[in-house]
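Okay, thanks for squeezing me in. I'll put the structure up and then walk you through the helices and the sheet.

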Amino acid sequence: MTDRLAVDDATPPSVQAGVEALRDVAALFYQFGWSRGTSSNYSIVLGREPFRLLLTASGKDKRRLKPTDFVVVDASGKPVAPTDERPSAETGLHLVLAARSHVGSVLHTHSVWGTLLSDYYAPAGGFHIEGYEMLKGLTGVRSHEHREWVPIFENSQDIPALARQVGKLLADPVYIPTYAFLIRGHGLYTWGRDVDQARQHVEILEFLFEVVARRLTLHAAAPLVES
């Protein structure tokens, strides 16, 4: 074990600021119940030439991430320097998203509401959220009348195959870009140009997920009757 983060000469000094930013995110998400125990993983793009990604290491308690609970990986997902830590098992999903030039951070959470909706709407391949003022918290959205599509992928332990599915969707010319997708029975992947924007998208989407799920519950318990 070491008390220093393992990096190579190509890793920029901004790695330390990135570590502190992700530790703050982890503590916040734990507080809201979106990253319990060792669930979830987060990343920040440190550089693109050569590519360097700061990523949470596997199996770390998100309530109290230490400065060494991270790994810096290259474009293939391999650590750039010898380390006792293992990159998250879902590194491939971070890489397929971070390969896009406008993505500077990827955040993955496991909330109750997101998990429930991911299962409920999975047969439809996703669901729309519309009519809520909070939608304007998503980058580029100007009106509550916006209709946001949240894709859902089937869960799989074959991360390379799942990453290929995500990459195929992102490359589809018909695809209308969003900032998130759900994995069935698993959790939410959200991204942004930097960690602050990605965090904002998580907060907005988690609020909206709870609204959508509670509305479904209310309608099931007491359907509205038109007079």
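**Helices and sheet**

Let's start with helix α4, residues 159-171: its 13 residues reach 18 Å from the first C-alpha to the last, close to the 18 Å expected at 1.5 Å a residue. One thing to keep in mind before I go on: this is a predicted model. So which residues of α4 are buried? They are I159, A161, L162, A163, V166 and L170. And the buried residues of α4 pack against α2, β6 and β7.

Now the sheet. It's an open one with 8 strands, and the order is β3-β2-β1-β4-β8-β7-β6-β5, with mixed pairing. At the edges you have β3 and β5, the latter being residues 126-130, and each of them pairs on one side only. On average, neighbouring strands in this sheet are turned by 20° against each other, if you ignore direction.

Two helices to place against that sheet. α5 packs on it and touches β1, β4, β5, β6 (147-153), β7 and β8, with its direction making about 140° with that of β8. Helix α2, residues 91-98, lies across β1, β2, β4, β7 and β8, and runs at about 135° to β2.

Let me zoom in on β8, residues 187-192. How many of its residues are buried? 6 of 6, so to speak, with the strand mostly covered. On one pairing, β4 and β8 run antiparallel and are joined by 5 bridges. If you want to find the register on screen, T109 stands opposite L188 in β8, and H108 stands opposite Y189 in β8. Then there's β7, residues 180-183, which also runs antiparallel to β8, with 4 bridges joining the two. Here the bridge partner of F181 is Y189 in β8. So Y189 turns up in both pairings: opposite H108, and as the partner of F181. β7 and β8 form a hairpin with 3 residues between them. If you like checking backbone torsions, look at G185 in that turn, which has a positive phi of about 65°.

Over to the edge strand β3. Which residues are buried on its two faces? F70 and V72 on one side, V71 and V73 on the other, and both faces are covered. As a reminder, in a regular strand the side chains alternate between the two faces of the sheet. β3 is joined to β2 by 4 bridges, and those two run antiparallel. L54 stands opposite V72 in β3, if you want one pair to click on.

Next up, helix α1. At 1.5 Å a residue, the 18 residues of α1, residues 15-32, should span 26 Å, and the end C-alpha atoms are 26 Å apart, which agrees. The buried residues in α1 are V15, G18, V19, L22, V25, A26 and F29. Why do I say they sit on the same side of α1? Because they cover an arc of only 130° around the axis. Spin the view and the face turned away from that buried side carries the exposed residues A17, D24 and Q31. As for what sits against the buried residues of α1, they pack against β1 (41-48), β2 (51-56), β3 (70-73), β4 (105-109) and α5 (195-221). After α1 comes G33, with another positive phi to look at, near 85°.

Staying with α1 and α5: how do they meet? Their axes come within 11 Å and cross at roughly 10°. That angle makes α1 roughly parallel to α5. The contact is made by A21, L22, V25, L28 and F29 on the α1 side, and by V195, R199, V202 and E203 on the α5 side.

Last one, helix α3, residues 112-120. In α3, G114, L117 and S118 are buried. Seen down the axis of α3, those buried residues fall within an arc of 105°, so they line one face of the helix. Flip to the other side of α3 and you find V112 and Y120 exposed. And what covers the buried residues of α3? That includes β5, β6, β7 and α5.

That's my tour, happy to rotate the view for anyone.

Notes. Residues numbered from 1 in each chain as written. Predicted model: local features only at pLDDT ≥ 70, side-chain atom pairs only at ≥ 80, totals over all residues. Heavy atoms only, no water. Expected span 1.5 Å × (residues − 1). Buried < 20%, exposed > 50% of the residue type's maximum accessible area, 1.4 Å probe, protein only. Arc of directions from axis to C-beta. Contact = heavy atoms within 4.5 Å. Pairing = 2+ DSSP bridges. Axes fitted to C-alpha atoms, helices over the stretch in contact; angles between N-to-C directions. Parallel < 35°, antiparallel > 145°, perpendicular 65-115°, else oblique.
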